[in-house]
Amino acid sequence: MEIRRLPVEDIKSFIELVSRSYPGMKVRTEDEIQKMADRFIELQESDKTTALYGAYQSEKLVGGMRLHDFEMTFYDQAVPVGGIGMVAVDLLHKKERIAKRLLEYFHNHYLMQGTYMTALYPFRPDFYRKMGYGYGAKKNRFRVKPMHLPKGGSKSHLSYLTVEHADDLTAYYNKTASHTHGLFLRTPSDFERSMKQPGHIMVGFIENEEIRGYAGFSFHAEPEDSFLQNDIIVHEIMYENDTVLSELLTFFHSQQDQVRSIYFDTQDEHFHHLLENPSNGTEQLIPHVFHESNTQGVGVMYRLLDAKKFLEKVSEHDFNRMTLSLDINLTDTFQPTNHKKFQMNVVEGHLTTKIVSGKTTEISLDVSDFTSMLMGVVPFDALHTYGRATISDKGDVDTVTKLFHTHKKPICMTRF
């Protein structure tokens, strides 16, 4: 098998392969396939941050993927992250370990670039966890009656945003992303693509000709609904401060005459505190009397390709002002070069090459769990309780937990 960057003449064949592999995409007709192929041909030729790769057997295309060069904010500094999407295998070649070969190529591609973390959205979380991927923060879907949103005193700063605002939107988003753990930086084309989607609407808070927040949403109706009855799905919302949020929520509150429910898809786990009624309207109770407020899902997953080198890259990160010598036994059955024991020395919160005097604590865990812990998704004491991690001295569980503790779970708003 050979894996290589797709030439443009093979992109239509790849889209046909993808359409068979993922029928839920509903790309079926010749016209739909050609339109999608044309879009990816343009991206393959012009976009320097993403590219399609194909897997060939005897020069026959049997699978492929799309790779993304991302820059992510890791707490307070920027790090490169490799992303993968559109992993597809021809139906006639399933169970031939093609997906495994694609992932191996993906990992080696970024290791050679000095990128030590990767990310993906899993079609099956268990499949990718076995390949060393750890869970990211969950996404919540809150179903809210418009009347249960707080109504502020104004929405005078709100305007519709169009593709002409893409540069300003990008500037605002990237300014926020630069100090928001987990966010990937974006380009104007990222916003242009989403804003060109049929039915996509975006409103923004503009003050002194500068965007300070926005919300992207679409209307949705069930087949049996009348044309006057709709729901709103808020796909993305970002705001600079409480004033901006107030105007955006006031806008959604004002839609109550023709909108039944508003769905907020968010990684903000505290969102229900701003609602007058946090119940999602299903009237389902979780025993004893807990009203169902939202549904949750596991999505983006992260992986350290080389944990030791990644830690060297983020040496400016403050590990809670602690001083500790920690031996880490990392299990990595998919990436043998990452299956190793290494020492992590921290002095007053900062990594150092100096040997820390005194006791050395040793922990053992899988790379998937270590990645999730380092990203702030799960604390060490929980992993220890669940039997996902061991420690040389149980009296040091709280110390190691504090070392990796954070109030900032990673937020990912980029689809790929």
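**Notebook: sheets, pockets and one ring pair**

I began with strand S2, which pairs with strand S3 (residues 60-74) in the antiparallel sense over eight bridges. I was working on a predicted model throughout. I then looked up a single position on this pairing. Gly-54 stands opposite Gly-64 in S3. Next I checked what lies against the sheet here. Helix H1 (residues 11-21) packs on it and touches S2, S3 and S4. I noted the direction of H1 at about 75 degrees to that of S4.

I traced the whole sheet after that. It is open, has seven strands, and runs in the order S1-S2-S3-S4-S5-S16-S6. Its pairing is mixed. Which strands are at the edges? I found strand S1 (2-5) and strand S6 (134-135) there, each pairing on one side only.

**Entry: aromatic pairs**

I counted aromatic pairs and got 24. I took one of them, Tyr-53 with Tyr-105, for a closer look. The ring centres are 5.7 Å apart and the planes stand at 50 degrees, so I logged the pair as tilted. Tyr-53 belongs to strand S2 and Tyr-105 to helix H3. The two are 52 residues apart, and the pair links distant parts of the chain.

**Entry: the cavity**

How many cavities of 30 Å³ or more are there? I found one. The volume of the largest cavity is about 30 Å³. I listed its lining: Phe-40, Leu-43, Gln-44, Thr-50, Ala-51, Leu-52 and Arg-66. Helix H2 (30-46) and strand S2 (50-57) each supply at least two of these residues. By class, I sorted the lining into four nonpolar, two polar and one charged.

**Entry: the second largest pocket**

I moved on to the second largest pocket, with a volume of about 560 Å³. Its lining has 19 residues. Which of them lie nearest the centre? I wrote down Lys-95, Ala-99, Lys-100, Phe-123 and Phe-127. Strand S4 (77-89) and helix H3 (98-112) each give at least two residues to this lining. I split the lining into ten nonpolar, two polar and seven charged residues.

**Entry: the five-strand sheet**

I turned to another open sheet, with five strands in the order S19-S18-S17-S20-S21. The pairing is mixed here. Strand S19 (350-351) and strand S21 (389-391) are the edges; each has a single partner strand, so one side of each has no neighbour in the sheet.

I followed the pairings from S19 inward. Strand S18 (residues 340-347) and S19 are antiparallel over two bridges. I matched Val-346 with its bridge partner Leu-351 in S19. Two helices pack on this sheet, and I noted each in turn. Helix H9 (residues 367-374) touches strand S17 (324-331) and strand S20 (360-366). The direction of H9 makes about 115 degrees with that of S20. Helix H11 (residues 397-404) touches S17, S18, S20 and S21. The direction of H11 makes about 85 degrees with that of S17.

I then checked S17 against S18. They pair in the antiparallel sense over seven bridges. Asp-327 has Gln-343 in S18 as its bridge partner. My last stop was the hairpin of S18 and S19, with two residues between the strands. Which residue takes a positive phi in this hairpin? I found Glu-348, with phi near 50 degrees.

Methods
Residues are numbered from 1 along each chain as its sequence is written. This is a predicted model: local features need pLDDT of at least 70, side-chain atom pairs count only at pLDDT 80 or more; totals for chains, interfaces and linings use all residues. Side-chain values use heavy atoms; hydrogens and water are left out. On a 1 Å grid over the protein atoms alone, a cavity is a set of points where a 1.4 Å probe fits but cannot get out, and a pocket is an open set with protein on both sides within 12 Å along at least five of seven lines; lining residues have an atom within 4 Å of a point. Grid points are joined across faces, edges and corners, and a volume is the space filled by probe spheres set on the points. Helices (H or I, at least four residues) and strands (E, at least two) are DSSP runs, numbered from the N terminus. Ala, Val, Leu, Ile, Met, Phe, Trp, Tyr, Cys and Pro count as nonpolar, Asp, Glu, Lys and Arg as charged, and the others, Gly among them, as polar. Two strands pair if DSSP finds at least two bridges between them. Contact means heavy atoms within 4.5 Å. Axes are lines fitted to C-alpha atoms, for helices over the stretch in contact, and angles run from 0 to 180 degrees between N-to-C directions. Rings of Phe, Tyr and Trp (its six-membered ring) pair if their centres lie within 6.5 Å; planes under 30 degrees apart count as stacked, over 60 as edge-to-face and the rest as tilted.
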